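Colleague: Could you walk me through this model, one question at a time?

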Amino acid sequence: MFTEADHQYMSQALQQAALGAWQTSPNPSVGCVLVKAGVVIGQGHTLAAGQDHAEIQALKDCHARGLSAQGATAYVTLEPCSHFGRTPPCADRLVEAGVVRVVAALGDPNPQVSGRGLARLRSAGVVTQVGLLADAARHHHRGFLSRMERGRPWLRVKLAASLDGKTALWNGASQWITGEAARQDVHRLRAGACAMLTGIGTVLADDPRLTARIDQVSRQPARVVVDSQLRTPPSAKLLDGGQAFIIHASTDVKRMADLQDAGASLQALPTSTGRVDLNALLTWMGQQGWNEVLVEAGPALSGALIQAGLVDELVLYLAPMLLGHQAHGLVDWPPLSSLTERVDLTWVDQRMIGADLRLIAQLRP
Ligand code: AOF
Ligand code: ZN
């Protein structure tokens, strides 16, 4: 049903989509390529929420070149929208511009759209096709799809360890296991995340800022601490710079006031066995409009999230060193008594980052 040229134009649309990836949240970063008579006449990607969607950018690009989209095909990584949200429906704009065929990699699972964008196009006589490079598009839009389909963000856990899987010495000393290049790489991961998630143990031990410190970022991820007893010090560095949330189950009004004065937003969530319920946490994060969340926490929170089946991907930086068996491991679990309790992973990428090895593994559904 799709030609080689169709594949090429859709990969170009996916490349466009990648350009918007750090700025569109809570919207998906869509890519759009307009083609007429075998020539690309316009392309674009989603801008920040409230600004242009990809299709509008591509039409503007086409018009800026002095060209008309009359008779063109639009390749889009997600079904064009049909609703008046922060912006008017893209489906209507494509029809007005004279586009005659729309190829979408995926339908939009947003209940405000979900098939109505394509239906609107078809009722105006536009030919529509869905499913070209769908796997690649599902990968690119994984955060938005996760929030729409599961009501929670796509969760990635960053871990750094020695070759023997140790994250800190027996006495807690943990600074500088991985090298400078790996730390820079983590800043890129942070820049792509809508929010960072950590635990009170990490805040007390390391006082991290959890910001993305690289040049290209226009927006910082929100920061979230799971801290059921409100032990975060009001001087904690991650409270600087806004968008800092403390998830708790405390009733201590003095602590609440001190932390709010320090700039924190407090959110009480239900607990199970005295700790913040992680499913409730993920649902709450989805309600914030966060598509992708990066966890940089200690072995207790990371381990608990994995055991709760809420983690989609691990990014593991392995440093070429050995720390010995008394040191702390990657996840802090009660001992498993049977191999059937193990967590299975699938390797999806491996490469050198400076002197360290970076492994990416997905949790098996
Ligand atoms: C498109 N093209 O480039 C994107 C779409 O509030 P709004 O108006 O910005 O609409 C946001 C919704 O539009 C978002 O939840 C998703 O369903 C869709 N995203 N649609 O036609 C785009 N980013
Ligand atoms: Zn739209």
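What follows is a run of questions and answers on the model shown above.

Modeller: Ground rules first: this is a predicted model, so local features need pLDDT of at least 70, side-chain atom pairs count only at pLDDT 80 or more, and totals for chains, interfaces and linings use all residues. Residues are numbered from 1 along each chain as its sequence is written, while chains are lettered from A and ligands numbered from 1 in the order in which they are written.

Colleague: Where does UniProt place the "binding site" feature whose largest C-alpha distance is 9.0 Å?

Modeller: The entry is unreviewed, and such annotations may be inferred rather than shown by experiment; positions are in the numbering used here and feature names are shortened. The residues are spread over 38 residues of sequence, yet they cluster in space, with a largest C-alpha distance of 9.0 Å. They are His53, Cys81 and Cys90.

Colleague: Is His53 buried or exposed?

Modeller: His53 sits in the loop between strand E2 (39–45) and helix H2 (54–64); helices (H or I, at least four residues) and strands (E, at least two) are DSSP runs, numbered from the N terminus. A residue is buried if 20 or more other C-beta atoms lie within 10 Å of its own, exposed if 12 or fewer, and partly exposed in between, with C-beta atoms placed from the backbone. Since His53 has 27 other C-beta atoms within 10 Å, the verdict is buried.

Colleague: Which residues does Cys90 touch, not counting residues up to four places away in sequence?

Modeller: Cys90 lies in helix H3 (residues 90–97) and is buried, because 30 other C-beta atoms are within 10 Å. Contact means that the two C-beta atoms, placed from the backbone, lie within 7 Å. On that basis, not counting residues up to four places away in sequence, Cys90 touches His53, Glu55, Ile56, Pro80 and Cys81.

Colleague: Which residues come nearest to ligand 1?

Modeller: A residue is near a molecule or strand if its C-beta atom, placed from the backbone, lies within 6 Å of it. The shell divides into nine nonpolar, six polar and three charged residues, where Ala, Val, Leu, Ile, Met, Phe, Trp, Tyr, Cys and Pro count as nonpolar, Asp, Glu, Lys and Arg as charged, and the others, Gly among them, as polar. Of the 18 residues around ligand 1, the nearest are Val30, His53, Gly85, Arg86 and Asn110.

Colleague: UniProt also has a "binding site" feature that includes Ala160 and Gly303; how far apart are its farthest two C-alpha atoms?

Modeller: That feature, also from an unreviewed entry, includes Trp176, Thr202, Ser228 and Leu301 as well. The positions span 145 residues in sequence and do not all gather at one spot, because the farthest two C-alpha atoms are apart by 28.6 Å.

Colleague: What is Gly303 in contact with, leaving aside its neighbours within four places in sequence?

Modeller: Gly303 lies in helix H11 (residues 299–307) and counts as buried, because it has 20 C-beta neighbours inside 10 Å. Its C-alpha atom is separated by 9.7 Å from that of Val157, 146 residues apart along the chain. Leaving aside neighbours within four places in sequence, its contacts are Val331, Asp332 and Trp333.

Colleague: Which are the edge strands of the open sheet of nine strands?

Modeller: The order is E11-E10-E9-E8-E14-E6-E15-E18-E17, with mixed pairing, and two strands pair if DSSP finds at least two bridges between them. The twist averages 20° from one strand to the next. Pairing on one side only marks the edges, strand E11 (265–268) and strand E17 (345–353).

Colleague: In E14, what is the bridge partner of Trp154?

Modeller: Strands of a sheet pair through backbone hydrogen bonds, either parallel or antiparallel. E6 and E14 run parallel, joined by four bridges. The partner of Trp154 in E14 is Glu292.

Colleague: Where is the peptide bond that is cis, with omega near 10°?

Modeller: Most residues other than glycine have a negative phi, and most peptide bonds are trans. Pro26 is in the loop between helix H1 (4–19) and strand E1 (31–36). The cis bond runs from Ser25 to Pro26.

Colleague: What positive phi does Ser114 have?

Modeller: Ser114 is in the loop between strand E4 (101–104) and helix H4 (116–123). Ser114 counts as partly exposed because 15 other C-beta atoms lie within 10 Å. Although Ser114 is not a glycine, its phi is positive, at about 25°.

How values were computed. Axes are lines fitted to C-alpha atoms, for helices over the stretch in contact, and angles run from 0 to 180 degrees between N-to-C directions.
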